[in-house]
Amino acid sequence: MTVRPLPVTIDVLKLVDRGQELSGTLPLRQMTRLLENLVDDQGDVSVVLIFGRDQGRRRVVTGRIQATVQLTCQRCLRAMPYHIDAEVALGVCRSEDEVAVLSEAYDPLLLTESPQRLSELVEDELILALPTLARHESAPDCRPVSVTFGEAASLPDDSAPEKPNPFAVLDVLKKRDDS
Ligand SMILES: [Zn+2]
């Protein structure tokens, strides 16, 4: 299997005109904003992006971004692996006006600079796919700590019947695709 390196910067409009597909991997360690949420910087992001136009002739970027990242469990404060598998559906916008009228089926990709850094586009998608509350699904992976750390004190009690679903974010993404 040959893996071509992904370009560092991309000209989105040009790629759309060509109907180009990009696939490959990017190292997580390039993504400094994302790393603020992670335990370590190890691993790669698998990227498939298809540039083109949809049936309404809109410029769109679709595809899939996958990575396994290490988050801090907010209950036991230990590392927990979290697999991100995000469908990409971006509508290319050249101005705020275009963002305002973009179909809800797409998230806006506002072109503020050209060429654009590919890793930033991918990083934005990864950040969107992070769970709002990272917690191990169950014991024995997760044993709550008895000490209270700052904000952790306001987290829901462990015995509460309503546990936030760490995959709720994926449901939101799926709904986005369906709309
Ligand atoms: Zn835990």
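## Buried, and what counts as it

A residue is called buried when its relative accessible area is under 20%. Cysteine 73 sits at 0% relative accessibility, so it counts as buried. Cysteine 76 comes out at 4%, so it goes in the buried group too. Bear in mind that this is a predicted model.

## The zinc site

Those two cysteines matter for the next part of the picture: the zinc ion is held by the SG atoms of Cys73, Cys76 and Cys142, plus ND1 of His136, at 2.0 to 2.4 Å. Along the chain, the donor residues follow the spacing C-x2-C-x59-H-x5-C.

What geometry does the site of the zinc ion have? It is tetrahedral, with angles of 103 to 118° among the 4 donor atoms. For reference, four ideal tetrahedral donors would give 109.5 degrees.

## The sheet, strand by strand

The sheet is an open one, with 5 strands in the order 2-3-4-5-6 and mixed pairing. Strand 2 and strand 6 (107–110) are the edges, each pairing on one side only. Going from one strand to the next, the twist averages 30°.

Start at the strand 2 end. Strand 2 (residues 21–27) runs antiparallel to strand 3 (residues 44–53), and 7 bridges join the two. Within that pairing, leucine 26 faces valine 45 of strand 3. Strand 3 then pairs with strand 4 (residues 59–72), again in the antiparallel sense, over 8 bridges. Two of the matches here are valine 47 with isoleucine 65 and arginine 53 with arginine 59.

## Two hairpins and a parallel neighbour

Strand 3 and strand 4 make a hairpin with 5 residues between the strands, and arginine 57 there takes a positive phi near 65°. Strand 4 goes on to form another hairpin with strand 5, this one with 6 residues in between; leucine 77, in the turn, has a positive phi of about 65°. The pairing of strand 4 and strand 5 is antiparallel and spans 13 bridges. Threonine 68 is found opposite histidine 83 of strand 5.

Where does the parallel pairing come in? Strand 5 and strand 6 run parallel and are joined by 4 bridges. One pair to look for is cysteine 93 with its bridge partner in strand 6, leucine 110.

## Helix 4 across the sheet

Helix 4 (residues 118–129) has 12 residues and reaches 17 Å from its first C-alpha to its last, close to the expected 16 Å. The helix lies across strand 2, strand 3, strand 4, strand 5 (79–93) and strand 6, and runs at about 120° to strand 5.

Which residues of helix 4 are buried? They are Leu118, Ser119, Leu121, Val122, Glu123, Glu125, Leu126 and Ala129. Note that the list includes Glu123 and Glu125 alongside leucines such as Leu121.

## Leucine 102 in its loop

Leucine 102 belongs to the loop between helix 3 (96–100) and strand 6. Its relative accessible area is 16%, so leucine 102 is buried. Leaving aside residues up to four places away in sequence, leucine 102 touches Arg58, Gly91, Cys93, Asp107 and Pro108. Of these, Cys93 has already turned up as the bridge partner of leucine 110.

The C-alpha atoms of leucine 102 and valine 92 are separated by 8.8 Å, with the two residues 10 apart along the chain.

Methods
Residues are numbered from 1 along each chain as its sequence is written. This is a predicted model: local features need pLDDT of at least 70, side-chain atom pairs count only at pLDDT 80 or more; totals for chains, interfaces and linings use all residues. Side-chain values use heavy atoms; hydrogens and water are left out. The expected span of a helix is 1.5 Å times one less than its number of residues. Buried means under 20% relative accessible area, exposed over 50%, partly exposed in between (1.4 Å probe, protein chains only). Donors are N, O and S atoms within 2.8 Å of the metal (3.2 Å for Na, K and Ca); water is not among the atoms, so sites may look incomplete. Four donors count as tetrahedral if all angles lie between 85 and 135 degrees; four count as square planar and six as octahedral if opposite donors are over 155 degrees apart and all others between 65 and 115; anything else is irregular. Two strands pair if DSSP finds at least two bridges between them. Axes are lines fitted to C-alpha atoms, for helices over the stretch in contact, and angles run from 0 to 180 degrees between N-to-C directions. Contact means heavy atoms within 4.5 Å.
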